[in-house]
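Student: I should like to learn how the features of a structural model are read. May we go through one example together?

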Amino acid sequence: MDVERIVAPNPGPMTLEGTNTYLIGREPATVLDPGPADEDHIEAVRAAAERRGGLGDVMLTHSHGDHSDGLALLGAEALSPADGERVAPDLLAIATPGHATDHFCFLWTAAGNATILFSGDLILGMGSTIVGPRELGGSLGDYMASLEKLRQYDLELILPGHGPRIEDPAAKIDEYVQHRLMRENRLLAALERGERSRALLVAEVWDDVPEQLRPAAEVAMLAHLEKLEDEARLPSDLVD
Ligand SMILES: [Zn+2]
């Protein structure tokens, strides 16, 4: 597997140990997600590309700054593939909206290699990813559909946008789907019991989330409420 990972120095609750920049293949190397606008990081990416025979196509999994802000420093423009388009050598672009409307995963199927998915922020190496409501560019309905879409591929490895590699893709996709359904079921149960306070709904359904991630849980709940509303499963008396 001719892939090199360079971790950008932007650790945080949402980026884990930092954003993963991947260099794929060589002569020239394809760069996936340049990462944040950090000069040392971009210099490391440039040097790695040189060692691999030059900088070729640059692609983004999505336009969030922790993946894309380094583009200008790299002096590159990102390709904007369509869903199902073959890009670079041996990469298939797969539209996977949900975390962001412009989110793509890339499937690498080079001869002699395992079927590898570069999952961006659709699936992370640890924990779960943030899916916000539409006003924040998210959609939980789209996100669930994107996870389901990946099941058609016989994946051997996932290389995520943050965190370590995922060695059991099918189990991880199941885990991600089940995790969201668990939240949804708990939210529905609380609503059915008559709970209408949004603060109490978050506290109950996201009771395992540490305090510093409570704002993220509130955003996640908005996405769940939007999905239930889209599916006509939201009680009409839920007030702000
Ligand atoms: Zn990210």
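Student: What is the arrangement of the four donor atoms around the zinc ion, and which angles do they subtend?

Tutor: First, the source: this is a predicted model in which local features need pLDDT of at least 70 and side-chain atom pairs count only at pLDDT 80 or more, while totals for chains, interfaces and linings use all residues. Residues are numbered from 1 along each chain as its sequence is written, and side-chain values use heavy atoms, with hydrogens and water left out.

Tutor: As a general reference, ideal angles at a metal are 109.5 degrees for four tetrahedral donors, and 90 or 180 degrees for six octahedral ones. Here the four donor atoms subtend angles of 87 to 159°, which makes the arrangement irregular. The cut-offs are these: four donors are tetrahedral if all angles lie between 85 and 135 degrees; four are square planar and six octahedral if opposite donors are over 155 degrees apart and all others between 65 and 115; anything else is irregular.

Student: Which residues coordinate the zinc ion, and at what distances?

Tutor: Asp66 (OD), His67 (NE2), Asp121 (OD) and His162 (NE2) coordinate the zinc ion at 2.0 to 2.3 Å. Donors are N, O and S atoms within 2.8 Å of the metal (3.2 Å for Na, K and Ca), and water is not among the atoms, so sites may look incomplete. Along the chain, the donors follow the spacing D-H-x53-D-x40-H. Asp121 lies in the loop between strand S8 (116-120) and helix H4 (140-150), and His162 in the loop between strand S9 (157-160) and helix H5 (169-192), so the pair ties together parts that are 41 residues apart in sequence. Helices (H or I, at least four residues) and strands (E, at least two) are DSSP runs, numbered from the N terminus.

Student: Are Asp121 and His162 buried or exposed?

Tutor: Asp121 is buried, with a relative accessible area of 4%, and His162 is buried at 0%. Buried means under 20% relative accessible area, exposed over 50%, and partly exposed in between (1.4 Å probe, protein chains only).

Student: In which order do the strands of the open sheet of four strands lie?

Tutor: Two strands pair if DSSP finds at least two bridges between them. The order is S1-S2-S3-S4, with mixed pairing. S1 and strand S4 (55-59) are the edge strands, each pairing on one side only. From one strand to the next, the twist averages 25°. Strand S1 (residues 3-7) and S2 are antiparallel over five bridges; Val3 stands opposite Ile24, and Arg5 opposite Tyr22. S2 and strand S3 (residues 29-32) are also paired in the antiparallel sense, over three bridges, and Leu32 is the bridge partner of Tyr22 in S3.

Student: Why is strand S2 largely enclosed by the rest of the structure?

Tutor: Five of the five residues of S2 (residues 20-24) are buried, so the strand is largely enclosed. Asn20, Tyr22 and Ile24 point one way from S2, whereas Thr21 and Leu23 point the other way.

Student: Where do unusual backbone values occur?

Tutor: Most residues other than glycine have a negative phi, and most peptide bonds are trans. Leu16 has a positive phi of about 55° although it is not a glycine, and its place is in the loop between S1 and S2. Asp33, with phi near 60°, lies in the loop between S3 and H1 and is buried at 2% relative accessible area. A cis peptide bond, with omega about -5°, joins Glu27 and Pro28; Pro28 lies in the loop between S2 and S3.

Student: At what angle do H5 and helix H7 pack, and how far apart are their axes?

Tutor: Two packed helices are described by the angle between their axes and the distance between the axes. H5 and helix H7 (residues 214-230) pack at about 75°, with axes 11 Å apart. That makes H5 roughly perpendicular to H7. Axes are lines fitted to C-alpha atoms, for helices over the stretch in contact, and angles run from 0 to 180 degrees between N-to-C directions. Angles under 35 degrees count as roughly parallel, over 145 as roughly antiparallel, 65 to 115 as roughly perpendicular, and the rest as oblique.
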